[in-house]
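Thank you for making the time this morning. I would like to walk through one structure with you, slowly, and talk about the empty spaces in it and some of the residues around them.

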Amino acid sequence: MQLIRDNFERMTKLTDAEWHTFSSKLVRQEFPKKTPVLETGTVENYLSFVEKGLVRYYIPGEDHDLTFTFVFDGEFTSGYDSFITRLPVHYTIETLSETVLWRISYEDLQEVYAETKIGNTIGRIASEGLFLKKAKRELSLLNDSAEQRYLNLFTEQPQLIQRIPQKYLASYIGITPQALSRIRKRIS
């Protein structure tokens, strides 16, 4: 739980009372590998912080899934669009390794917003981080070639290359596993 406080305090100071109010609402949950955290057609009820593990977001397909993001240790995860609109998601979030999440429910977060000055700052920090990650991904898909997207991953997020199966990496980049193999051979 200290990891979460440290993450927040890089951006804003929390009093012990504010931290107590927020942290008292957090619930620790462990998920085995390949376990759905949020399934297509359901409403997201939690904003979660990944203590350890790896999470994949994807759109299920008949022939293949379309992976669109990964979340690692020390990052927030949520079907945030559903969390704020209270509408069902059109994608699935699942663990790719054993994962530990610290979670706060929608209702409890609303209480933190109402009871503390820092509550809105905490919500803003989490939502800004999720938004910036999404915006960067969208711009990369629009502006970069598949090879450039792979090279960007290799330099900006080397943990992706090491911890994620090739079929999910290929889907994330927007190509087939065979095309990813050709790119890897070409740049080796």
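What follows is a short tour of a cavity, a helix, two pockets and two single residues.

Before anything else, please keep in mind that this is a predicted model, and that the residue numbers I use count from 1 along the chain as its sequence is written.

Let me begin with enclosed space. Rolling a probe the size of a water molecule over the atoms shows where empty space is left. In this structure there is one cavity of 30 Å³ or more, and the space in the largest cavity comes to about 50 Å³. Its lining is made up of Ile4, Phe22, Leu26, Leu47, Ser48, Phe49, Phe76, Trp102 and Ile104, and the elements that give two or more residues to that lining are β3, residues 46–52, and β8, residues 99–105. Of these, β3 gives the most, with three residues. If we sort the lining of this cavity by class, we find eight nonpolar residues, one polar residue and no charged ones.

Ile4, which we have just met in the cavity lining, takes us to helix α1, residues 2–9, where the buried residues are Ile4, Arg5, Asn7 and Phe8. Those four cover an arc of only 160 degrees around the axis, and therefore they sit on the same side of α1. The general background is that an α-helix has 3.6 residues a turn, so residues three or four places apart point the same way. As for what covers the buried residues of α1, the list includes α2 (16–23), β3, β6 (76–77), β8 and α5 (118–143).

Now to a single residue, Ser78, which is found in the loop between β6 and α3, the latter being residues 80–85. Is Ser78 buried or exposed? Its relative accessible area is 4%, so Ser78 is buried. The side chain of Ser78 reaches the backbone oxygen of Tyr46 at 3.0 Å, and, if we leave aside neighbours within four places in sequence, Ser78 is in contact with Glu44, Tyr46, Leu47, Tyr57, Phe83, Ile93 and Leu130.

Two of those contacts, Tyr57 and Leu130, lead us to the largest pocket, whose volume is about 540 Å³. Of the 19 residues lining this pocket, the closest to its centre are Tyr57, Phe68, Tyr91, Leu130 and Lys134. At least two lining residues each are supplied by β4 (54–59), β5 (66–72), α3 and α5, and the largest share, eight residues, comes from α5. By class, the lining of the largest pocket has 10 nonpolar, four polar and five charged residues.

The second largest pocket has a volume of about 340 Å³, and here α5 and α6, residues 146–156, each supply at least two residues of the lining. Among the residues that line it are Glu75, Lys133, Arg137, Ser140, Arg149 and Asn152, and the lining as a whole has two nonpolar, four polar and six charged residues.

I will finish with Asn152, which lies in helix α6. With a relative accessible area of 16%, and the limit for buried set at under 20%, Asn152 counts as buried. Its side chain is joined to the side chain of Asp144 by a polar contact of 3.1 Å, and to that of Gln148 by a polar contact of 2.7 Å. Not counting residues up to four places away in sequence, Asn152 touches Ser140, Asp144 and Gln157.

Key:
This is a predicted model: local features need pLDDT of at least 70, side-chain atom pairs count only at pLDDT 80 or more; totals for chains, interfaces and linings use all residues. Side-chain values use heavy atoms; hydrogens and water are left out. On a 1 Å grid over the protein atoms alone, a cavity is a set of points where a 1.4 Å probe fits but cannot get out, and a pocket is an open set with protein on both sides within 12 Å along at least five of seven lines; lining residues have an atom within 4 Å of a point. Grid points are joined across faces, edges and corners, and a volume is the space filled by probe spheres set on the points. Ala, Val, Leu, Ile, Met, Phe, Trp, Tyr, Cys and Pro count as nonpolar, Asp, Glu, Lys and Arg as charged, and the others, Gly among them, as polar. Buried means under 20% relative accessible area, exposed over 50%, partly exposed in between (1.4 Å probe, protein chains only). The arc is that of the directions from the helix axis to the C-beta atoms. Contact means heavy atoms within 4.5 Å. A polar contact is a pair of N or O atoms within 3.5 Å; within protein, one must be able to donate a hydrogen and the other to accept it, and residues adjacent in sequence count only if both atoms are side-chain atoms.
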